[in-house]
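Reader: I would like to learn how to read a predicted model of a protein chain, feature by feature. Could we take the contacts, the helices and the charged pairs in turn?

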Amino acid sequence: RRANQTDRSGALGGDGESKPRVRVLAVATSYKPQLEMLRGSVLGQGKEWTLTILGDGLVYAGMYGAHGGLKMALLHEWLVAELRGEGGSGLKSTDLVLFVDAYDVALLPGMGDEFIARFNGFSADVVIGGDTDCSPDSSVRLLLPTPEQLAEEVS
C-alpha cells in the first residue's frame, strides 16, 4: 500500500524552542480536488507539519467490508512501519499524529500552535475526537463514553 507524503520537518519555534512535528494522516483511495485544500491547509501551519495520504489506489471495500476497518487498518499499518523505522522519516516520541478525514477537513490558518497547546492540555498520550454518527453502524455510539464521562476522566 502506498503512502504519499509531503515532508517539511525540522523547524524551530519563533522563540527558539523546538516545536513537535505534527504528522497529519488521512485515507484517500482516489484523488479528489478536496485533497489539495487539505494539503495546503496542513502545510500552511509551518515547516514541522506534514501530510501523509494513505490508501491511494485501494478499493474502499473488500476484506474490510463496505467501510468498516479500512481507515483503522491503514493507520495501524502506518504506525507499525514508522515505529519500526520502515516508514518515511520515522515516528519520534515527540511527534504528534493527527488522523483526519481526507475530503472534508481543512485546518484554519494559524491554528497549529493552538492545536498543539490543546493537545498538551489533555496530558494524555492519545486524544480521540469525532461525531456521534459512528457510520456505518450508529449503534456503536452506545458503547462510547458521554462527553460528561470524558470530562470526569480528564479532570
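Author: Let us start with a single side chain in this predicted model. Leaving aside its neighbours within four places in sequence, Val24 is in contact with Val42, Trp49, Thr50, Leu51, Thr52, Leu98 and Val100.

Reader: Which residues touch the most other members of the largest nonpolar core?

Author: That core holds 19 residues, and Val22, Val24 and Trp49 are the ones that touch the most other members. Two or more residues are given to this core by each of the elements S2, H1, S3, S4 and H3. There is also a second, separate core of 8 residues, which includes Val27, Leu54, Leu70 and Leu75.

Reader: How should I place these elements along the chain, and what is their order from the N terminus on?

Author: The chain has 4 helices and 4 strands, and from the N terminus on they run β-β-α-β-α-β-α-α. Of the 155 residues of the chain, 29% count as buried. If you take the contacts between residues at least 6 apart in sequence, 74% of them join residues at least 24 apart.

Reader: When I look at a helix, how do I work out which side of the helix is the buried one?

Author: The general idea is that an α-helix has 3.6 residues a turn, so residues three or four places apart point the same way. In this structure, helix H3 spans residues 112-121, and its buried residues are Gly112, Phe115, Ile116 and Phe119. Because these residues cover an arc of only 95 degrees around the axis, they lie on the same side of H3.

Reader: Which exposed residues does the other face of H3 carry, and which strands do the buried residues of H3 pack against?

Author: The face turned away from the buried side of H3 carries the exposed residues Arg118 and Gly121. The buried residues of H3, for their part, pack against strand S2 (22-27), strand S3 (49-56) and strand S4 (96-101). H3 is followed by Ser123, whose phi is positive, near 50 degrees.

Reader: Let us turn to charges; how many salt bridges does a search of the whole structure find?

Author: The general idea is that side chains of opposite charge can pair when their charged atoms come close. A search of the whole structure finds 7 salt bridges. In one of these, the side chains of Arg21 and Asp95 meet at 2.6 Å, N to O. Arg21 lies in the loop between strand S1 (2-6) and S2, while Asp95 lies in the loop between helix H2 (70-83) and S4, so the pair ties together parts that are 74 residues apart in sequence.

Reader: Are Arg21 and Asp95 buried or exposed?

Author: Arg21 is buried, and Asp95 is buried as well. A contrasting setting is offered by Arg39 and Glu36, which form a salt bridge with their closest N and O atoms 3.8 Å apart. Both of these residues lie in helix H1 (residues 34-43), where they are 3 residues apart, about one turn of the helix. Arg39 counts as partly exposed at 21% relative accessibility, and Glu36 is partly exposed too, with a relative accessible area of 40%.

Reader: Which elements does the salt bridge between Lys71 and Asp101 tie together?

Author: In that salt bridge the closest N and O atoms are 3.1 Å apart. Lys71 lies in helix H2 and Asp101 in strand S4, so the pair ties together parts that are 30 residues apart in sequence. Lys71 counts as partly exposed at 27% relative accessibility, and Asp101 is partly exposed with a relative accessible area of 36%. Elsewhere, salt bridges that share partners join Arg21, Arg23, Glu82 and Asp95 into one network.

Reader: Where does Lys32 lie with respect to the ring of Tyr103?

Author: Lys32 lies over the face of Tyr103, at 4.3 Å from the ring centre.

Reader: As a last point, how do I read loop residues, for instance Leu58 in the loop between S3 and H2?

Author: Compare the separation in sequence with the distance in space. Leu58 and Thr29 are 29 residues apart in sequence, and their C-alpha atoms are 5.2 Å apart in space. Leu58 counts as partly exposed, at 24% relative accessibility. Val126, in the loop between H3 and helix H4 (147-154), is exposed, with a relative accessible area of 61%.

Technical notes. Residues are numbered from 1 along each chain as its sequence is written. This is a predicted model: local features need pLDDT of at least 70, side-chain atom pairs count only at pLDDT 80 or more; totals for chains, interfaces and linings use all residues. Side-chain values use heavy atoms; hydrogens and water are left out. Buried means under 20% relative accessible area, exposed over 50%, partly exposed in between (1.4 Å probe, protein chains only). The arc is that of the directions from the helix axis to the C-beta atoms. Contact means heavy atoms within 4.5 Å. A charge sits over a ring if NZ of Lys or CZ of Arg is within 6 Å of the ring centre and within 35 degrees of the ring normal. A salt bridge is a side-chain nitrogen of Lys or Arg within 4 Å of a carboxyl oxygen of Asp or Glu. A nonpolar core is a set of buried Ala, Val, Leu, Ile, Met, Phe, Trp, Tyr and Cys residues joined through side-chain atoms within 4.5 Å.
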